[in-house]
Amino acid sequence: MDIYETIFLSVVAGVLTAFILFVLSKFVTLWLVPQYQIWRYQGADVNGIWVADLSEDNPEKVRTKYSLNLKQRAHDLKGTLHFEFESDAKSFTSDFEASGEYWEGYFTITFKSVDRKRFSRASMVMKLVEGGGAMVGHFSFRNVVSDTVNTVPLALIRS
């Protein structure tokens, strides 16, 4: 074997070793560690659909509906939020992608609108109450009409 073959084989072996180590590290961080966390998780199960239907008694007759569908993996949360707003002046719906975490009885969830033409962001900080049957807290969002941040108290009930 001459010097060029040795150098070529050494480079190929180095690249293959780097690739194998990369794949193994991804396997550990993306599959093995999350599976271990799920196996060891001993907190509440918050999977499922959480809803609120709020009607306000005011001259505008405002009605809002929230439907939050959560998928849980240990402390991590993913899901969707469907929001409906209805008043005498206007009516619209918005869908959001949700991501966040549940830790020691509290939810911290951020929302990003699915529709890029009516872009909005929101966040929610909630506490699990009633033995896991409801969550209460606040919903803060970017009001796209007035371009301000609004915060409303909110209670969601497990559906």
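Tutor: Let's begin with a term: contact means heavy atoms within 4.5 Å. The model we are looking at is predicted.

Student: Happy to start there! Leaving aside neighbours within four places in sequence, which residues is serine 94 in contact with?

Tutor: Start by placing the residue: serine 94 sits in strand S4, which covers residues 91-103. Once neighbours up to four places along the sequence are set aside, its contacts are Leu81, His82, Phe83 and Arg118.

Student: Does serine 94 count as buried or exposed?

Tutor: The cut-off helps here: a residue under 20% relative accessible area is called buried. Serine 94 has a relative accessibility of 13%, so its class is buried.

Student: Now valine 114, please. Where is it found, and what is its accessibility class?

Tutor: Valine 114 lies in the loop that runs between strand S5 (106-113) and strand S6 (121-129). The class between buried and exposed spans the range from 20% to 50%. With 47% relative accessibility, valine 114 is therefore partly exposed.

Student: How many Å apart in space are valine 114 and aspartate 95, C-alpha to C-alpha?

Tutor: Residues up to four places away in sequence aside, valine 114 touches Asp95, Phe96 and Glu97. Along the sequence, valine 114 and aspartate 95 are 19 residues apart. In space, their C-alpha atoms are separated by 5.7 Å.

Student: Good. Which residues do ring pairs link into a cluster?

Tutor: Searching the whole structure gives ten aromatic pairs. One of the residues we have met, Phe83, touches serine 94, and Phe96 touches valine 114. The cluster linked by ring pairs consists of Tyr66, Phe83, Phe85, Phe92, Phe96, Phe111, Phe139 and Phe141.

Student: Let's step back to the whole chain. What pattern does the protein follow along the sequence?

Tutor: Its secondary structure comprises one helix and eight strands. In sequence order, the pattern is α-β-β-β-β-β-β-β-β.

Student: Why is the protein described as more spread out than a compact globule?

Tutor: For 159 residues, the globule rule gives 15 Å. The C-alpha trace spans about 90 × 40 × 20 Å along the principal axes. The protein is more spread out than a compact globule because its radius of gyration is well over the rule's value, at 24 Å.

Student: One last thing: how far apart do the centres of the positive and negative side chains lie?

Tutor: The protein carries 17 positive and 18 negative side chains. Taking the centre of each set, the separation is 1 Å.

Terms used
Residues numbered from 1 in each chain as written. Predicted model: local features only at pLDDT ≥ 70, side-chain atom pairs only at ≥ 80, totals over all residues. Heavy atoms only, no water. Helix = DSSP H or I, 4+ residues; strand = E, 2+ residues; numbered from the N terminus. Rg over C-alpha atoms; globule rule 2.2 N^0.38 Å. Lys, Arg positive; Asp, Glu negative; His and termini not counted. Charge placed at Lys NZ, Arg CZ, Asp CG, Glu CD. Phe/Tyr/Trp six-rings, centres within 6.5 Å; stacked < 30°, edge-to-face > 60°. Buried < 20%, exposed > 50% of the residue type's maximum accessible area, 1.4 Å probe, protein only.
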